[in-house]
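This report describes salt bridges and the burial of the residues that form them. The sequence and the model come first.

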Amino acid sequence: KRSLNDSQFYSHRFLSGVSKSDDSVKENDGPASSQVDENVKKSKQIDDLMQYPMNRATRFVFLRTLPMKQQPELAHLDMEELGKRIEKLTESFCAKNEFRILDERSKTHLHFCGLTAAAWETLSEKIMDTQRVTNMICAGYGVSTNEQPLVTPSPWITRIALAFSWNKMNAVKRMANNMALDFGESMKSEVTIDTDSEYELKVNRCIYHEFFNHEQVPHLTKIFCALDESIFKVIDPDSYKIKFSLDSTLASGSDSCKFCLKKC
(Lines give C-alpha, C1' and ligand atoms only; values in the text may rest on other atoms or scores of the structure.)
Protein backbone atom coordinates (compact mmCIF):
# COMPACT_ATOMS: atom_id res chain seq x y z
CA LYS A 1 0.00 0.00 0.00
CA ARG A 2 1.37 3.38 -0.98
CA SER A 3 1.03 6.26 1.46
CA LEU A 4 1.33 9.94 0.70
CA ASN A 5 4.20 10.57 3.07
CA ASP A 6 6.34 8.02 1.21
CA SER A 7 6.29 9.81 -2.12
CA GLN A 8 4.34 13.05 -2.32
CA PHE A 9 4.52 14.99 0.94
CA TYR A 10 8.28 14.84 1.39
CA SER A 11 9.03 16.01 -2.14
CA HIS A 12 7.03 19.17 -1.27
CA ARG A 13 9.18 19.80 1.75
CA PHE A 14 12.60 19.44 0.10
CA LEU A 15 12.32 20.00 -3.65
CA SER A 16 10.63 23.40 -3.77
CA GLY A 17 10.36 26.66 -1.89
CA VAL A 18 9.81 30.38 -2.15
CA SER A 19 10.58 33.56 -0.30
CA LYS A 20 9.87 34.75 3.22
CA SER A 21 6.33 35.05 4.52
CA ASP A 22 4.28 38.04 5.65
CA ASP A 23 1.30 38.37 7.95
CA SER A 24 -1.30 39.83 5.60
CA VAL A 25 -3.73 36.95 6.16
CA LYS A 26 -5.53 37.04 9.47
CA GLU A 27 -7.20 34.10 11.15
CA ASN A 28 -10.62 35.74 11.29
CA ASP A 29 -10.74 36.89 7.65
CA GLY A 30 -13.65 35.63 5.58
CA PRO A 31 -16.89 33.93 6.65
CA ALA A 32 -16.44 31.15 9.20
CA SER A 33 -18.46 27.97 8.85
CA SER A 34 -18.19 24.30 9.74
CA GLN A 35 -19.64 23.41 6.35
CA VAL A 36 -19.05 24.67 2.84
CA ASP A 37 -21.38 25.54 -0.02
CA GLU A 38 -20.66 23.04 -2.79
CA ASN A 39 -21.94 25.53 -5.36
CA VAL A 40 -19.64 28.40 -4.41
CA LYS A 41 -18.34 30.14 -7.53
CA LYS A 42 -14.93 28.89 -8.68
CA SER A 43 -12.26 31.20 -10.12
CA LYS A 44 -9.58 30.36 -12.67
CA GLN A 45 -7.08 30.41 -9.81
CA ILE A 46 -8.98 27.61 -8.07
CA ASP A 47 -9.29 25.67 -11.33
CA ASP A 48 -5.53 25.92 -11.71
CA LEU A 49 -5.04 24.82 -8.09
CA MET A 50 -7.18 21.71 -8.63
CA GLN A 51 -5.43 20.82 -11.90
CA TYR A 52 -1.87 21.37 -10.65
CA PRO A 53 -0.13 17.99 -11.21
CA MET A 54 1.16 17.59 -7.64
CA ASN A 55 -2.27 18.36 -6.21
CA ARG A 56 -3.93 15.89 -8.57
CA ALA A 57 -1.38 13.26 -7.54
CA THR A 58 -2.03 14.03 -3.88
CA ARG A 59 -5.79 13.48 -4.31
CA PHE A 60 -5.22 10.30 -6.30
CA VAL A 61 -3.02 8.71 -3.63
CA PHE A 62 -5.02 10.02 -0.66
CA LEU A 63 -8.39 8.78 -1.95
CA ARG A 64 -6.97 5.33 -2.67
CA THR A 65 -5.21 5.09 0.68
CA LEU A 66 -8.19 6.35 2.70
CA PRO A 67 -9.63 3.18 4.35
CA MET A 68 -13.29 3.70 3.40
CA LYS A 69 -14.09 0.14 2.31
CA GLN A 70 -13.21 -1.19 5.75
CA GLN A 71 -15.87 0.89 7.52
CA PRO A 72 -19.21 -0.89 8.10
CA GLU A 73 -21.15 2.40 7.84
CA LEU A 74 -19.83 2.89 4.31
CA ALA A 75 -20.01 -0.71 3.05
CA HIS A 76 -23.30 -0.19 1.19
CA LEU A 77 -22.15 3.03 -0.51
CA ASP A 78 -20.44 3.60 -3.85
CA MET A 79 -16.77 4.33 -3.05
CA GLU A 80 -16.29 6.14 -6.34
CA GLU A 81 -19.16 8.50 -5.55
CA LEU A 82 -17.74 9.17 -2.09
CA GLY A 83 -14.41 10.01 -3.70
CA LYS A 84 -16.09 12.39 -6.15
CA ARG A 85 -17.88 14.13 -3.29
CA ILE A 86 -14.60 14.60 -1.44
CA GLU A 87 -13.03 16.06 -4.58
CA LYS A 88 -15.94 18.44 -5.12
CA LEU A 89 -15.86 19.59 -1.50
CA THR A 90 -12.08 20.03 -1.73
CA GLU A 91 -12.61 22.49 -4.56
CA SER A 92 -15.35 24.29 -2.64
CA PHE A 93 -13.29 24.62 0.53
CA CYS A 94 -10.41 26.00 -1.52
CA ALA A 95 -12.71 28.46 -3.29
CA LYS A 96 -14.16 29.63 0.02
CA ASN A 97 -10.63 30.20 1.35
CA GLU A 98 -9.15 31.62 -1.84
CA PHE A 99 -8.09 34.74 0.06
CA ARG A 100 -5.38 32.60 1.69
CA ILE A 101 -3.54 32.18 -1.63
CA LEU A 102 -0.55 34.52 -1.56
CA ASP A 103 1.90 32.65 -3.81
CA GLU A 104 2.36 29.35 -5.67
CA ARG A 105 3.31 27.38 -2.55
CA SER A 106 0.22 28.50 -0.68
CA LYS A 107 -1.90 26.91 -3.42
CA THR A 108 -0.46 23.52 -2.49
CA HIS A 109 -0.89 24.09 1.25
CA LEU A 110 -4.47 25.27 0.72
CA HIS A 111 -5.18 22.16 -1.33
CA PHE A 112 -3.97 19.94 1.54
CA CYS A 113 -6.26 21.89 3.88
CA GLY A 114 -9.26 21.64 1.56
CA LEU A 115 -8.77 17.94 0.91
CA THR A 116 -8.53 17.18 4.63
CA ALA A 117 -11.61 19.27 5.52
CA ALA A 118 -13.55 17.69 2.63
CA ALA A 119 -12.72 14.18 3.81
CA TRP A 120 -13.70 15.11 7.37
CA GLU A 121 -17.07 16.54 6.32
CA THR A 122 -17.91 13.64 4.01
CA LEU A 123 -16.93 10.88 6.44
CA SER A 124 -18.29 12.45 9.62
CA GLU A 125 -21.74 12.65 8.00
CA LYS A 126 -21.76 8.83 7.88
CA ILE A 127 -19.59 7.83 10.83
CA MET A 128 -20.44 9.15 14.29
CA ASP A 129 -17.14 8.10 15.88
CA THR A 130 -15.11 11.26 15.31
CA GLN A 131 -11.85 9.69 16.50
CA ARG A 132 -12.23 6.94 13.93
CA VAL A 133 -12.82 9.54 11.21
CA THR A 134 -9.67 11.37 12.28
CA ASN A 135 -7.73 8.10 12.22
CA MET A 136 -9.03 7.36 8.72
CA ILE A 137 -7.77 10.72 7.46
CA CYS A 138 -4.44 10.10 9.19
CA ALA A 139 -4.21 6.77 7.36
CA GLY A 140 -4.85 8.57 4.06
CA TYR A 141 -1.68 10.59 4.66
CA GLY A 142 0.32 7.67 6.04
CA VAL A 143 0.00 8.91 9.63
CA SER A 144 -0.47 6.33 12.37
CA THR A 145 -3.28 6.56 14.93
CA ASN A 146 -3.57 7.72 18.54
CA GLU A 147 -1.59 4.83 19.95
CA GLN A 148 1.39 5.96 17.82
CA PRO A 149 0.68 9.62 17.08
CA LEU A 150 3.55 10.33 14.71
CA VAL A 151 4.02 9.40 11.10
CA THR A 152 5.57 6.00 10.56
CA PRO A 153 9.13 7.14 9.74
CA SER A 154 9.96 7.50 6.07
CA PRO A 155 13.61 8.37 6.56
CA TRP A 156 15.07 8.09 3.07
CA ILE A 157 15.49 11.84 2.42
CA THR A 158 16.82 12.52 5.91
CA ARG A 159 19.27 9.63 5.85
CA ILE A 160 20.49 10.40 2.33
CA ALA A 161 21.11 14.01 3.35
CA LEU A 162 23.07 12.87 6.39
CA ALA A 163 24.97 10.12 4.55
CA PHE A 164 26.36 12.52 1.94
CA SER A 165 27.37 15.27 4.36
CA TRP A 166 30.53 15.50 6.42
CA ASN A 167 28.87 18.03 8.70
CA LYS A 168 25.66 16.42 9.95
CA MET A 169 24.48 19.54 11.77
CA ASN A 170 24.74 21.62 8.61
CA ALA A 171 22.84 18.95 6.71
CA VAL A 172 19.83 19.00 9.03
CA LYS A 173 19.93 22.80 9.21
CA ARG A 174 19.68 22.90 5.41
CA MET A 175 16.69 20.58 5.62
CA ALA A 176 15.00 22.88 8.12
CA ASN A 177 15.75 25.92 5.94
CA ASN A 178 14.26 24.13 2.91
CA MET A 179 11.16 23.36 4.94
CA ALA A 180 10.88 27.04 5.86
CA LEU A 181 11.20 28.01 2.19
CA ASP A 182 8.47 25.52 1.32
CA PHE A 183 6.13 27.23 3.79
CA GLY A 184 5.93 30.19 1.40
CA GLU A 185 3.96 33.35 2.00
CA SER A 186 1.08 31.60 3.77
CA MET A 187 3.19 31.03 6.87
CA LYS A 188 5.39 33.26 8.96
CA SER A 189 8.64 31.70 10.16
CA GLU A 190 12.01 32.89 11.39
CA VAL A 191 15.32 31.35 12.41
CA THR A 192 15.86 32.45 15.99
CA ILE A 193 19.03 30.45 16.77
CA ASP A 194 21.71 29.50 14.25
CA THR A 195 25.07 28.44 15.64
CA ASP A 196 27.46 25.56 15.02
CA SER A 197 25.80 23.55 17.77
CA GLU A 198 22.20 24.72 17.88
CA TYR A 199 19.40 25.74 15.52
CA GLU A 200 15.84 26.88 16.12
CA LEU A 201 13.14 27.55 13.52
CA LYS A 202 10.11 29.36 14.91
CA VAL A 203 6.77 29.31 13.05
CA ASN A 204 4.55 32.16 14.21
CA ARG A 205 1.71 31.74 11.74
CA CYS A 206 0.53 28.63 9.90
CA ILE A 207 -2.06 28.26 7.13
CA TYR A 208 -3.08 24.85 8.48
CA HIS A 209 -3.70 26.19 11.98
CA GLU A 210 -5.65 29.19 10.64
CA PHE A 211 -7.65 27.19 8.10
CA PHE A 212 -8.77 24.42 10.45
CA ASN A 213 -9.59 26.86 13.26
CA HIS A 214 -11.59 28.90 10.76
CA GLU A 215 -13.51 25.77 9.66
CA GLN A 216 -14.07 24.72 13.29
CA VAL A 217 -12.07 21.50 13.06
CA PRO A 218 -8.84 22.58 14.86
CA HIS A 219 -7.85 19.02 15.78
CA LEU A 220 -7.02 18.32 12.12
CA THR A 221 -4.01 20.65 12.31
CA LYS A 222 -2.12 18.05 14.33
CA ILE A 223 -2.00 15.71 11.34
CA PHE A 224 0.29 18.17 9.59
CA CYS A 225 2.29 18.85 12.74
CA ALA A 226 3.04 15.12 12.80
CA LEU A 227 4.09 15.10 9.15
CA ASP A 228 6.53 17.97 9.68
CA GLU A 229 7.85 16.48 12.90
CA SER A 230 8.50 13.12 11.25
CA ILE A 231 11.07 14.67 8.89
CA PHE A 232 13.41 15.21 11.85
CA LYS A 233 12.12 12.60 14.30
CA VAL A 234 14.03 9.92 12.42
CA ILE A 235 17.38 11.51 13.41
CA ASP A 236 18.90 9.13 15.95
CA PRO A 237 20.79 11.10 18.65
CA ASP A 238 23.07 8.13 19.35
CA SER A 239 24.08 7.80 15.70
CA TYR A 240 24.26 11.43 14.64
CA LYS A 241 24.83 13.25 17.96
CA ILE A 242 21.98 15.61 17.14
CA LYS A 243 18.78 15.88 19.16
CA PHE A 244 15.52 17.14 17.67
CA SER A 245 12.60 18.54 19.66
CA LEU A 246 9.27 20.17 18.89
CA ASP A 247 8.15 21.15 22.37
CA SER A 248 5.59 23.77 21.42
CA THR A 249 3.09 24.06 18.57
CA LEU A 250 0.34 26.46 17.57
CA ALA A 251 -2.05 23.51 17.45
CA SER A 252 -1.42 22.75 21.13
CA GLY A 253 -2.11 26.35 22.17
CA SER A 254 1.40 27.82 22.13
CA ASP A 255 2.13 31.11 20.40
CA SER A 256 4.48 29.40 17.93
CA CYS A 257 5.92 26.10 16.74
CA LYS A 258 9.58 25.69 17.66
CA PHE A 259 11.65 23.21 15.67
CA CYS A 260 14.88 22.76 17.65
CA LEU A 261 18.06 20.93 16.63
CA LYS A 262 20.95 20.66 19.07
CA LYS A 263 24.24 18.81 19.14
CA CYS A 264 24.46 16.35 22.00
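E215 is buried, with a relative accessible area of 1%; buried means under 20% relative accessible area, exposed over 50% and partly exposed in between (1.4 Å probe, protein chains only). This is a predicted model, in which local features need pLDDT of at least 70 and side-chain atom pairs count only at pLDDT 80 or more, while totals for chains, interfaces and linings use all residues. Residues are numbered from 1 along each chain as its sequence is written, and side-chain values use heavy atoms, with hydrogens and water left out.

A search of the whole structure gives 14 salt bridges, a salt bridge being a side-chain nitrogen of Lys or Arg within 4 Å of a carboxyl oxygen of Asp or Glu. Among them are these pairs:

| Pair | Closest N to O distance |
|---|---|
| K96 and E215 | 2.9 Å |
| R105 and D182 | 2.6 Å |
| R205 and E210 | 3.2 Å |

K96 lies in helix 5 and E215 in the loop between helix 10 (207-214) and helix 11 (221-233), so their salt bridge ties together parts 119 residues apart in sequence. Helices (H or I, at least four residues) are DSSP runs, numbered from the N terminus. K96 is buried as well, at 16% relative accessibility.

The salt bridge between R105 and D182 links helix 6 (residues 104-124) with helix 9, the two residues being 77 apart. R105 has a relative accessible area of 7% and is buried; D182, at 0%, also counts as buried.

Both R205 and E210 are buried. A network of salt bridges links E73, D129 and R132.
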